[in-house]
Amino acid sequence: MAHPEATLRLAKWKSGVLAEALPFMRRYAGSTFVVKYGGHAMGDARAARHFAEDVVLLRRVGINVVVVHGGGPQIGAMLQRLKIQSEFVDGLRVTSAEIVDVVEMVLSGAINKSVVAGISAAGGKAVGLSGKDGAFVTARKLRRTKRDPDSQIERVLDLGYVGEPTHVDASFLRHFMQSDLIPVIAPIGLGADGETFNINADTMAGAVAAALDADRLLLLTDVKGVLNGAGELLPELDAGHAAEMIADGTISGGMVPKVETCLKATREGVGAAVILDGRALHALLLEIFTEAGAGTLIR
Ligand SMILES: Nc1ncnc2c1ncn2[C@@H]1O[C@H](COP(=O)(O)OP(=O)(O)O)[C@@H](O)[C@H]1O
Ligand SMILES: CC(=O)N[C@@H](CCC(=O)OP(=O)(O)O)C(=O)O
């Protein structure tokens, strides 16, 4: 049995946590939070359970939660099993017609349903969607260019079926949110000619957040947030500093679309964006309901 003094200390600590959280709960009731759940963050079963519990708790305190999930590592594993090579350019998967079929199967199938099932197991009600449902996310081929450092000539890169959202139908999502359902969205978009587009999940989350005029965009990943050259967490980041860090390579790979998404979303009216560690237990609750927060705040 625990020592009575230890029990008392724990009770005091718990009441302190609750007292700190209550004003945030009142402030955020009725607001809209878009949470991007990255493929790396969902690797650990215990953290996945805590994530689902956090999402359900947010809904219970009156926050309109929308989840957009990734699944990059899981797509990679499936492509490997199928012996299909794939490569990344600036954090984006070059997506052939063959690869886009696998991407859709993994994202809209196994991963989407496992996130929905996790939320159900935690006592919530979720509905799994991709941009194709109700054609609520239309997309077009992403146009990417790269300047050759030697010749300074700008080249157009062909990333295949990588898409960028052209329209997100917010009213479609609000139907579910008004029915107390938590939308869980796979980052797949529908092209004008019925094509399937593979959209980076951060980009998708940003577009959904902007369309909903969300108060917060939260990107859960596998690092504490944006790290500086010495590997230290930056609690805040503005557009100027982010541009410098991307240009000098301190921000690279998958962190580039993440930071760009946050900056774009805040320019388009989202209250604030946060990049935080989805592997940390109850990362969402710590970020939302404590003064100190967690991760890197971008606004
Ligand atoms: N400055 C940086 N700070 C933090 N992470 C960075 C930075 N630059 C590059 N990264 C990389 O970005 C990764 C996160 O992007 P990504 O792998 O696409 O995550 P997710 O699957 O969660 O979307 C980190 O694991 C890290 O390796
Ligand atoms: C275009 C592009 O790169 N799409 C991503 C979609 C999944 C994703 O973004 O998942 P994470 O958030 O787990 O990285 C991909 O094919 O991996």
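Two strands are said to pair if DSSP finds at least two bridges between them. In this predicted model, strands E1 and E2 are joined by 6 bridges and run parallel to one another. Within this pair, Phe 33 stands opposite Val 65 of E2. Strands of a sheet pair through backbone hydrogen bonds, in either a parallel or an antiparallel manner. E1 and E2 belong to an open sheet of 8 strands, arranged in the order E5-E10-E2-E1-E13-E15-E16-E14, in which the pairing is mixed. The edges of this sheet are formed by strand E5 (126–130) and strand E14 (236–237), each of which pairs on one side only.

According to an unreviewed UniProt entry, residues 32–276 carry the feature "domain: Aspartate/glutamate/uridylate kinase". This span is 38% helix and 26% strand, and the C-alpha atoms at its two ends lie 18 Å apart.

Helix H2, which covers residues 45–60 and therefore has 16 residues, reaches 23 Å from its first C-alpha to its last, a value close to the 22 Å expected at 1.5 Å a residue. Many positions of H2 are buried, including His 50, Phe 51, Ala 52, Glu 53, Asp 54, Val 55 and Val 56. The cover over the buried residues of H2 includes strands E1 (32–37), E2 (64–69) and E10 (182–186), together with helices H4 (97–121) and H9 (283–289). Arg 46 also lies in helix H2, but this residue counts as exposed because 9 C-beta neighbours are found inside 10 Å, and a residue is exposed if the number is 12 or fewer. The C-alpha atom of Arg 46 is separated by 8.1 Å from that of Leu 281, although the two residues are 235 residues apart along the chain. After H2 comes Gly 62, whose phi is positive, near 95°.

Two ligands were examined through the residues that surround them. Around ligand 1 there are 18 residues, of which Gly 38, Thr 221, Leu 227, Gly 254 and Met 255 come nearest; this shell divides into 6 nonpolar, 11 polar and 1 charged residues. Ligand 2 is surrounded by 15 residues, and the closest are Gly 39, Gly 70, Gly 72, Arg 93 and Ala 201. Helix H3 (72–81) and strand E4 (92–93) are the elements that give two or more residues to this shell around ligand 2, which is made up of 6 nonpolar, 8 polar and 1 charged residues.

The unreviewed UniProt entry also places a "binding site" feature at Gly 71, Gly 72, Arg 93 and Asn 198. These residues are spread over 128 residues of sequence, yet they cluster in space, with a largest C-alpha distance of 11.7 Å. Two of the positions, Gly 71 and Gly 72, can be described further. Gly 71 is found in the loop between E2 and H3, and this residue counts as buried because 27 C-beta neighbours lie inside 10 Å, where the cut-off for a buried residue is 20 or more. When residues up to four places away in sequence are not counted, Gly 71 touches Gly 39, Val 106, Leu 107 and Ile 111. Gly 72, by contrast, has its place in helix H3 and is partly exposed, because 19 other C-beta atoms lie within 10 Å.

Technical notes. Residues are numbered from 1 along each chain as its sequence is written. Chains are lettered from A and ligands numbered from 1 in the order in which they are written. This is a predicted model: local features need pLDDT of at least 70, side-chain atom pairs count only at pLDDT 80 or more; totals for chains, interfaces and linings use all residues. UniProt positions are given in the numbering used here, feature names are shortened, and annotations may be inferred rather than shown by experiment. Helices (H or I, at least four residues) and strands (E, at least two) are DSSP runs, numbered from the N terminus. Two residues are in contact if their C-beta atoms, placed from the backbone, lie within 7 Å. A residue is near a molecule or strand if its C-beta atom, placed from the backbone, lies within 6 Å of it. Ala, Val, Leu, Ile, Met, Phe, Trp, Tyr, Cys and Pro count as nonpolar, Asp, Glu, Lys and Arg as charged, and the others, Gly among them, as polar.
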